[in-house]
Structures are given as C-alpha cells and as structure tokens.
Amino acid sequence: MNREFPIGVMLDSFRTSIPEALALAAAVGAEGVQVYATGGPMAPKNMTAEARRDFLNRASAHGLTVSALCGDIGRFDDPATNPARIERSKRIMELAVALGPGIVTTHIGVIPADKTHPRYGVMQEACYELASYADRLGGHFAIETGPERADVLGDFLDGLHSTGVAVNLDPANLVMV
C-alpha cells in the first residue's frame, strides 16, 4: 500500500517469537513494525550483523518495514543514572540506523513547566547529547508526547537546537493533560 500514513504495529504486542510476530503483523495488514530494543533478541548487544540481516530479510519477506525502535529505558531526569542511560540509548540509536528507520522512540519523564526547575536542565542536557548523537548518525531520538502540555514540550525541544530530536506524536496521549 502507498498511504501517506501507513499502518504499523508494535511487534512485541503479538507476544510470540519474532518470526511468528512478523507473519502475524503481515496477516493483519500492517505495513510497518516497531520493535522494542531494550532487551531480548532485539537488544543491540544481541543483534549481530547476521541477526540484523536475518531480521530485515524476514520483515521484507512479509512486505514489512521497520518504522522505529522503542528504546524506552526510563526517565532522563537523574544526573546519577543518565550517563548509563545515554550510552545505552546511543547503542539503540546505532541499531535503529542499521535497521533502516533511524528512529528511536522513548519516554524521557515529565518535563517541568518551569525552565528553572533543576530537573529541566538535567533533562535538556541528556536530550541534547542524544539529539547531537542522532544528528551525527542521521537519526532521530523521538520523545513520546503526553505527560506535559504541548507548549512545554515544544519549548523544551526548541531549546535543544537540533534536528536529531523529534516527537513521537501520540494524539491519544495529548488528552491526558
């Protein structure tokens, strides 16, 4: 199909093996798949060059493309845990670029509305590092919408001055606030 907004599914939602999930995704008419890359067989440390080729060949055989990788590993609002999360996210971004979409979706935590809040700066620093890395690789680190008002998220993203950061727009989440 050639739609402006193709239909995709979260591959893990089928709760079965990757080969079977790809077959099921095709059977329900999906055109793309998003895959969790935070653990299991799709984690960067498990995706050898051979495993990457095999996954892409299987997806292609079903007429599917990889739309994004989910790299949801927790919030980026703690200076003590951010360095490890940032490094792990970089590996997920590298895998996303290798698999084609170059897009990693994640939640970063609730962005404070007050730009002077200490957590705001911590989150901006982490997202700037990830956005800069994504820029260098030609990818996008996409923040899930929802926990904060759209204007707060927009100001936060504008403050990063980077095309490596994007929004994973989930319209259903926008009604939460």
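**Core, pocket and local backbone features**

In the largest nonpolar core, which has 43 residues, Phe55, Leu69, Ile108 and Phe156 touch the most other members. At least two residues of this core are supplied by each of helix H1 (18–27), S2, H2, S3, helix H3 (82–99), helix H4 (118–137), S5 and helix H5 (150–158). H4 provides the largest share, 8 residues. The model is predicted.

The largest pocket has a volume of about 660 Å³. Its lining consists of 27 residues, and Gln34, Ser67, Ala68, Asn168 and Leu169 lie nearest the pocket centre. Six strands are named as contributors of at least two lining residues each: S1 (8–10), S2 (32–36), S3 (65–70), S4 (103–106), S5 (140–144) and S6 (165–168). The largest share of the lining, 4 residues, comes from S3. Classified by residue type, the lining of the largest pocket has 13 nonpolar, 9 polar and 5 charged residues. S3 thus appears in both settings, since this strand supplies at least two residues of the nonpolar core and at least two residues of the pocket lining.

Helix H2 comprises 13 residues (residues 49–61). At 1.5 Å a residue, H2 should span 18 Å, and its end C-alpha atoms are 18 Å apart, so the expected and computed spans agree. H2 is followed by Gly63, which has a positive phi near 75 degrees.

Most residues other than glycine have a negative phi. Arg15 is not a glycine, yet its phi is positive, at about 50 degrees. This residue, Arg15, is located in the loop between S1 and H1. With a relative accessibility of 78%, Arg15 counts as exposed because the cut-off for that class is over 50%. His161, likewise not a glycine, has a positive phi of about 50 degrees. The loop between H5 and S6 contains His161, and the relative accessible area of His161 is 71%, so His161 is exposed too.

The structure holds 0 disulfides. Cys70 is in no disulfide, and the nearest cysteine sulfur, that of Cys127, is 15 Å away. For Cys127, also in no disulfide, the nearest cysteine sulfur is that of Cys70, 15 Å away. A disulfide requires the two sulfur atoms to lie within 2.5 Å, so this pair does not qualify. Cys70 is buried, with a relative accessible area of 6%, and Cys127 is buried as well, with a relative accessible area of 0%. Both values are under the 20% cut-off for burial.

Note on methods:
Residues are numbered from 1 along each chain as its sequence is written. This is a predicted model: local features need pLDDT of at least 70, side-chain atom pairs count only at pLDDT 80 or more; totals for chains, interfaces and linings use all residues. Side-chain values use heavy atoms; hydrogens and water are left out. On a 1 Å grid over the protein atoms alone, a cavity is a set of points where a 1.4 Å probe fits but cannot get out, and a pocket is an open set with protein on both sides within 12 Å along at least five of seven lines; lining residues have an atom within 4 Å of a point. Grid points are joined across faces, edges and corners, and a volume is the space filled by probe spheres set on the points. Ala, Val, Leu, Ile, Met, Phe, Trp, Tyr, Cys and Pro count as nonpolar, Asp, Glu, Lys and Arg as charged, and the others, Gly among them, as polar. The expected span of a helix is 1.5 Å times one less than its number of residues. Buried means under 20% relative accessible area, exposed over 50%, partly exposed in between (1.4 Å probe, protein chains only). A nonpolar core is a set of buried Ala, Val, Leu, Ile, Met, Phe, Trp, Tyr and Cys residues joined through side-chain atoms within 4.5 Å.
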